[in-house]
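Reader: I have a structure to look at for class and I'm not sure where to begin. Could we go through it together?
Author: Gladly; let us put it on the screen and take it one topic at a time.

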Amino acid sequence: MAKIALITGATAGIGEACAQLFAKQGYNLIITGRRTERLRKIHRELTNTYSIKAQILNMDVRNKTEVKTQLESLDPEWKAVDVLINNAGLSVGLEPIHEGNTDDWDTMIDTNVKGLLYVSKIVSNWMVERKQGHIINLGSIAGKETYANGNVYCATKHAVDSLNKAMRIDLLPYGIKVTGIHPGAVETEFSEVRFKGDTERAKKVYEGYEALSALDIAETIWFAVSRPANVNINDLVIMPTAQANTSHLVRGRGKE
Ligand code: NDP
Ligand code: 8X3
């Protein structure tokens, strides 16, 4: 029986790259997200290209009821999830704290923290029953450091960092691995979302250096998942070579 990976936020960026890579590795997939058309298209591509089975769950991770209903609707054999990739997440806005938009704050906290918890609560129970599983939590360099105007996004990713450590302790008796992946700049739709569709501003984030690609992160996640049973990667920070931390980034030596 092929292994199963459940990927939240598989409609774009890192989640989509993980779906492609895990399908290539022969995993059956549960792909989730809010954009139904994209989920259908990715489902079609994956099942046409690889000899795998895939399920779509069209859910907003912020909606506790929807998450529960969608996850519980899976047939029992699909609840034997081997790998959960808690990837759905976003940043909205980049303003100093006194100018921040409280709706943006709600969106980030509800998605990055509460959404991750709603999914983890249900799927970790399935893993506890089987006494096996691996949870990958997408943190960020923003969860290790704080930068100007990053305030609430950084706070949500610090929360993910903390939950990553907490999950590892609580799930230890059940043999469940928990890994935190903390990237620096990855060129995805992330900045477009942060700047609310301002593609010009988003493009500038990645100008003059080679950012990480979604595939770089998917490969890192695969490395963690493919370690032997006795090995767990607790925590990985992965940066573009041009970026030392959130405030030191060299432009003009790489990609124009
Ligand atoms: P993208 O914007 O390219 O992808 C984000 C994914 O999250 C989409 O599939 C989106 O799906 C999903 N998503 C967002 N909100 C929700 C929601 N409420 N319910 C369900 N799904 C949701 O960004 P990335 O691939 O870059 O980001 C993936 C993760 O990596 C995030 O947690 C991000 O914080 C983290 N990260 C990103 C970095 C970067 O520089 N890009 C660096 C460090 C960490 P849909 O819109 O269809 O719902
Ligand atoms: C995304 C990376 O530095 O824009 O998590 O916060 S950063």
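Author: Before we begin, one term will help us: a polar contact is a pair of N or O atoms within 3.5 Å. Please also keep in mind that this is a predicted model.

Reader: Okay, so which residues surround ligand 2?
Author: The residues around ligand 2 are Ser-140, Ile-141, Ala-142, Tyr-147, Tyr-153, Phe-190 and Arg-194. If we sort this shell by class, we find five nonpolar residues, one polar and one charged.

Reader: And how far is the side chain of Ser-140 from an oxygen atom of ligand 2?
Author: An N or O atom in the Ser-140 side chain is 2.5 Å away from an oxygen atom of ligand 2, so the pair falls within the 3.5 Å cut-off for a polar contact. Two tyrosines can be described in a similar way: Tyr-147 has a polar side-chain atom 2.5 Å from an oxygen atom of the ligand, and for Tyr-153 the corresponding distance to a ligand 2 oxygen is 2.6 Å. On its own, ligand 2 has 240 Å² of accessible area, and the protein covers 82% of it.

Reader: Which pocket does ligand 2 take up?
Author: Ligand 2 takes up space in the largest pocket, and ligand 1 also sits in the largest pocket.

Reader: Let's switch to ligand 1 then. How many residues surround it?
Author: There are 30 residues around ligand 1, and the closest are Thr-11, Arg-34, Asn-87, Tyr-153 and Thr-188. You may recognise Tyr-153, which was also in the list of residues surrounding ligand 2. By class, the shell of ligand 1 consists of 13 nonpolar, eleven polar and six charged residues.

Reader: Which helices supply at least two residues of that shell?
Author: Helices α1 (13-24), α5 (151-170) and α6 (190-194) each contribute at least two residues to the shell around ligand 1.

Reader: What about the oxygen atoms of ligand 1, what is next to them?
Author: In the side chain of Arg-34, an N or O atom is 2.6 Å from an oxygen atom of ligand 1, and a polar side-chain atom of Thr-188 is likewise 2.6 Å from a ligand 1 oxygen. With Ala-12 the backbone is involved instead, since one of its polar backbone atoms is 3.4 Å from an oxygen atom of ligand 1. Taken alone, ligand 1 exposes 880 Å², of which the protein buries 96%.

Reader: New topic: where is Asp-60 found, and is Asp-60 buried or exposed?
Author: Asp-60 is in the loop that runs between β3 (54-58) and α3 (64-72). Its relative accessibility is 16%, and because buried means under 20%, Asp-60 counts as buried. Its side chain also makes a polar contact, at 2.7 Å, with the side chain of Arg-62.

Reader: And where is Gly-133?
Author: Gly-133 lies in the loop between α4 (102-130) and β5 (134-138), and with a relative accessible area of 16% it is buried. Its C-alpha atom is separated by 19 Å from that of Ala-54, which is 79 residues away along the chain.

Reader: One last residue: which strand does Ile-181 lie in?
Author: Ile-181 belongs to strand β6, which spans residues 177-183, and it is buried, with a relative accessible area of 0%. Ile-181 and Thr-220 are 39 residues apart in sequence, while their C-alpha atoms are 8.2 Å apart in space.

Definitions and conventions. Residues numbered from 1 in each chain as written. Chains lettered and ligands numbered in written order. Predicted model: local features only at pLDDT ≥ 70, side-chain atom pairs only at ≥ 80, totals over all residues. Heavy atoms only, no water. Near = heavy atom within 4 Å. Polar contact = N/O pair within 3.5 Å; in protein donor to acceptor, adjacent residues only side chain to side chain. Areas by Shrake-Rupley, 256 points an atom, 1.4 Å probe, with all protein chains shown as cover. 1 Å grid on protein atoms, 1.4 Å probe; cavity = no way out; pocket = protein on both sides within 12 Å on 5 of 7 lines; lining within 4 Å. Sits in = over half its atoms within 2 Å of the grid points. Helix = DSSP H or I, 4+ residues; strand = E, 2+ residues; numbered from the N terminus. Nonpolar A, V, L, I, M, F, W, Y, C, P; charged D, E, K, R; others polar. Buried < 20%, exposed > 50% of the residue type's maximum accessible area, 1.4 Å probe, protein only.
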